[in-house]
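Here's a quick walk through one chain, going from the overall picture down to a metal site and a few individual residues. Have a look at the model first.

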Amino acid sequence: MRRSVLDDWIRQKEGWAELSREKIEAMQLKKINLLLAKTKQKGKFYQYLPEKISSLEEMKKIPLLTEQQLITNHRGMLLLSQSEVSKIITMYSSATTGQAKRLFFSASDIEKTVDFFACGLQEIASKGDRCLVWMPANTENSVGSLIARALGRIKAEALICSMDETLDAVADFVINKKINCAVAMPFKMLSLMRYADKTGKSLPPTSVMISADSAPPFLKQELGERYALQVIEHYGSSESGLGGALECGAKNGMHIRENDLLIEIVDDKGNWVQKGETGNIVLTTLSHEAMPLIRYQTGDNGALSAYPCRCGSVLNRLQNVYRNATANEMGELNAILFLQKNVLDYRMLRKDNRIRIEVMLMGKVDREKIKEQLQRVVLQKGWGARVDVHWHVEKLSLHKPYYQAKRKIIAE
Ligand SMILES: [Zn+2]
């Protein structure tokens, strides 16, 4: 089995002959101390931080950074002048009553992400491959554009597909462009493969990198076994600078980009949990120059692997990642609906205390039973008092994926 591509990338970047845990952790400590010195000098917000820590264990003494603090203080967390900012990501979180969360990146921060993508994409693509980029690519520094740039560096061709196309158009695009690998969001990829299967379109890709939303085991299993795709999962977020952690061929967790990120797993009180135990994912961006985050609570859950990877990598792995754990949306509904092979897609909308779930079907399902299960989850979560389920069966070829980004409840 091939070792994770990240190992050699980090080894080369740091100019080391060999990679080891000791070296990685010493490098992280050094980078954290450089960061602490810089925030003392320039960061208005980060004045509460210590000047220096003497071991990674001492990270525990630093207070966690909440999403609300990030929303309130983003300007004070910026270490560069506004003119040195190349990219701003603005997000509206449902968990925080629609306030804007802003993240700033410099040209050098973006370059680091492209460099990471160019390395990581080699898990699914190599020179001469033709790769579908089914991610937002409408601006120069949007994630799809950065992936396309990274593919160029490994001499693979990026074929960008609009997020606003029908599944039928995407399937034809993949066939006509002779695409053999893909980067896509997990459930969109599942919908595409199901649609193509149902309509007799044979799609050529043999590998896919899935990213930007939860990817439960049943989804990866269906893509891998039923559609014979080599599936590589990537975990990243806007806060991590888009790139984060990446599966290797062993498919037993995602190796962390540890030269740029320190990931801690903590319990509800903020204490470290044992390796192998699930807790909250806390993120420190070690090399971002515009707006580094120090002990940011991502709201995602996961575990650090307790055992070394079969691929031989020494990099820590993230396992059992459950995204958006604080908002706790969609996971159970995804399972109820997408475990039905005849469900192509669905979305959930909320108006006051009324929930409407629209389901796009490709064939028969037990509607009464599914409706009961959906109602139970909605009532249990307290999302609404009334649930209507609308079943759509018509005009399959006109269906556009309901979600362009992460699946969540849509407020009407
Ligand atoms: Zn591995």
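What follows covers the chain as a whole, then the zinc site, two loop residues and a pair of helices.

**The whole chain**

First things first: this is a predicted model. The chain is built from 10 helices and 17 strands. Its radius of gyration is 22 Å, close to the 22 Å that the globule rule gives for 412 residues, so the chain is as compact as a globular protein of that length. If you're setting up a box, the C-alpha trace spans about 60 × 50 × 45 Å along its principal axes.

Of the 412 residues, 55% are buried. As for the surface, the chain exposes about 18100 Å², and carbon and sulfur atoms supply 48% of that. Among contacts with a separation of 6 or more, 66% come from residues 24 or more positions apart.

**The zinc site**

Which residues hold the zinc ion? The coordinating residues are C248, H255, C309 and C311, with distances of 2.1 to 2.3 Å. H255 uses its NE2 atom, while the three cysteines each use SG. Why call the arrangement tetrahedral? The angles subtended by the four donor atoms run from 107 to 113°, and a tetrahedral label needs all angles to lie between 85 and 135 degrees, so the site qualifies.

Along the chain, the donors follow the spacing C-x6-H-x53-C-x1-C. The long gap in that pattern ties distant parts of the chain together: H255 is in strand β9, whereas C309 is in the loop between β12 (296-304) and β13 (317-322), 54 residues apart. Both H255 and C309 are buried.

**Two buried loop residues**

A250 sits in the loop between β8 and β9. Its contacts, leaving aside neighbours within four places in sequence, include the zinc donors C309 and C311. The C-alpha atoms of A250 and A150 are separated by 24 Å, with their positions 100 residues apart along the chain.

H399 is found elsewhere, in the loop between β16 (386-392) and β17 (410-411). Is H399 buried or exposed? With a relative accessibility of 6%, H399 counts as buried, because the cut-off is under 20%.

Here are the two side by side; the contacts leave out residues up to four places away in sequence.

| Residue | Relative accessible area | Contacts |
|---|---|---|
| A250 | 6% | M1, C309, R310, C311 |
| H399 | 6% | T166, L167, L344, D345, M360 |

**Helices α1 and α4**

Helix α1 covers residues 5-14, and V5, L6, D7, W9 and I10 are its buried residues. What do these buried residues pack against? Their partners are α4 (107-120), β8 (245-247) and β9 (254-256). Strand β9 is also where the zinc donor H255 is found. Just after α1, G15 takes a positive phi of about 70°.

Helix α4 is mostly covered, with 10 of its 14 residues buried. The buried set is D109, I110, T113, V114, D115, F116, F117, A118, C119 and G120. The length of α4 checks out too: at 1.5 Å a residue, its 14 residues should span 20 Å, and the end C-alpha atoms are 20 Å apart, which agrees.

Key: Residues are numbered from 1 along each chain as its sequence is written. This is a predicted model: local features need pLDDT of at least 70, side-chain atom pairs count only at pLDDT 80 or more; totals for chains, interfaces and linings use all residues. Side-chain values use heavy atoms; hydrogens and water are left out. Buried means under 20% relative accessible area, exposed over 50%, partly exposed in between (1.4 Å probe, protein chains only). Helices (H or I, at least four residues) and strands (E, at least two) are DSSP runs, numbered from the N terminus. Contact means heavy atoms within 4.5 Å. The expected span of a helix is 1.5 Å times one less than its number of residues. Donors are N, O and S atoms within 2.8 Å of the metal (3.2 Å for Na, K and Ca); water is not among the atoms, so sites may look incomplete. Four donors count as tetrahedral if all angles lie between 85 and 135 degrees; four count as square planar and six as octahedral if opposite donors are over 155 degrees apart and all others between 65 and 115; anything else is irregular. The radius of gyration is taken over C-alpha atoms; the globule rule is 2.2 Å times the number of residues to the power 0.38. Accessible areas come from the Shrake-Rupley method with a 1.4 Å probe; for residues, only the protein chains shown count as cover.
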